[in-house]
Amino acid sequence: MRAIVLLCLLKGVFVQADESYTWGGPGGSTDTDPNTANVCLADQSSCGCCLMQQQIHRIKTFFNTSLAELELQLTQTRNILNNVRASRSAFSVALNNDDNLKCFGPFRDDKVVTYSHIFMNLGNGYNQQTGIFTAPRAGTYSLALTAYSDAGSPGNTLAACAALHVNGKSVADLREKNMQDQEDSATVVVAVHLNAGDQVSANLPIGCFLCDNKNHYNTFSGFLLYATN
């Protein structure tokens, strides 16, 4: 009796080895060819090894289905990761990097402040030539602006002022004008929603001036907190 059972099991193994077994995942076929399928798969009473072959067939089908689902999830995860990488946007710049204190302004008209020293420009959204940051995509952004000026000597008029603009409209102003301090600074940090293509800049009002050197007293920074589409 044991010999018969052993022969039956060996027969099932060799039959299974002869079948076309696919590990191709979602593109592979898990259907059994009715012309070549072993009779055990259709008739449970044919021999004792049929149940084992049917179980192997079910396991193979389950494995291929699970593999297809995992590959789909992997593709979706990769797409999300690529989207996150494409969304990265951050910049931080300073007025200049000179050894000696150098001032920007005053001018007779409002001017966009052009920051020449770049700490970071991830995503290349900041244009060093124009001083304008262009939002690469819609989302919530954090923006920060620090304005510093030096009157040069006590008693001189101090005019440390700047304005944070979005599409040419003021969002927040920094202003310090007096004849008591030789130097002063101010900082503003805001969170705003920007659409793709919106332009952000720091503007210098008429009569104001900013002074900086390699200590980087004047900085302009921003980064994408999260994208909205």
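## Exercises on the disulfides

When the bonded cysteines of the protein are numbered in sequence order, the pairing reads 1-4, 2-3. The model is predicted.

**Exercise 1.** State how many disulfides a search of the whole structure finds, and apply the distance cut-off to each pair.

*Solution.*
- The search of the whole structure gives two disulfides.
- The cut-off requires the cysteine sulfur atoms to be within 2.5 Å.
- Cys 103 and Cys 211 are joined with an S to S distance of 1.9 Å.
- For Cys 161 and Cys 208, the sulfur atoms are 1.6 Å apart.

**Exercise 2.** Assign the handedness of each disulfide from the torsion about its S-S bond.

*Solution.*
- For Cys 103 and Cys 211 the torsion is about 95°, so this disulfide is right-handed.
- For Cys 161 and Cys 208 the torsion is about -110°, so this disulfide is left-handed.

**Exercise 3.** Locate the parts that each disulfide ties together.

*Solution.*
- Cys 161 belongs to strand S8 (residues 158-166), while Cys 208 sits in the loop between strand S11 (199-204) and S12; the pair therefore ties together parts 47 residues apart in sequence.
- Cys 103 is found in strand S2 (residues 102-104) and Cys 211 in strand S12 (residues 210-212), so their bond ties together parts 108 residues apart in sequence.

**Exercise 4.** Classify each bonded cysteine as buried, partly exposed or exposed.

*Solution.*
- Buried means under 20% relative accessible area, and exposed means over 50%.
- Cys 103 has a relative accessible area of 40%, so Cys 103 is partly exposed.
- Cys 211, at 0% relative accessibility, is buried.
- Cys 161 and Cys 208 are both buried.

Definitions and conventions: Residues are numbered from 1 along each chain as its sequence is written. This is a predicted model: local features need pLDDT of at least 70, side-chain atom pairs count only at pLDDT 80 or more; totals for chains, interfaces and linings use all residues. Side-chain values use heavy atoms; hydrogens and water are left out. Helices (H or I, at least four residues) and strands (E, at least two) are DSSP runs, numbered from the N terminus. Buried means under 20% relative accessible area, exposed over 50%, partly exposed in between (1.4 Å probe, protein chains only).
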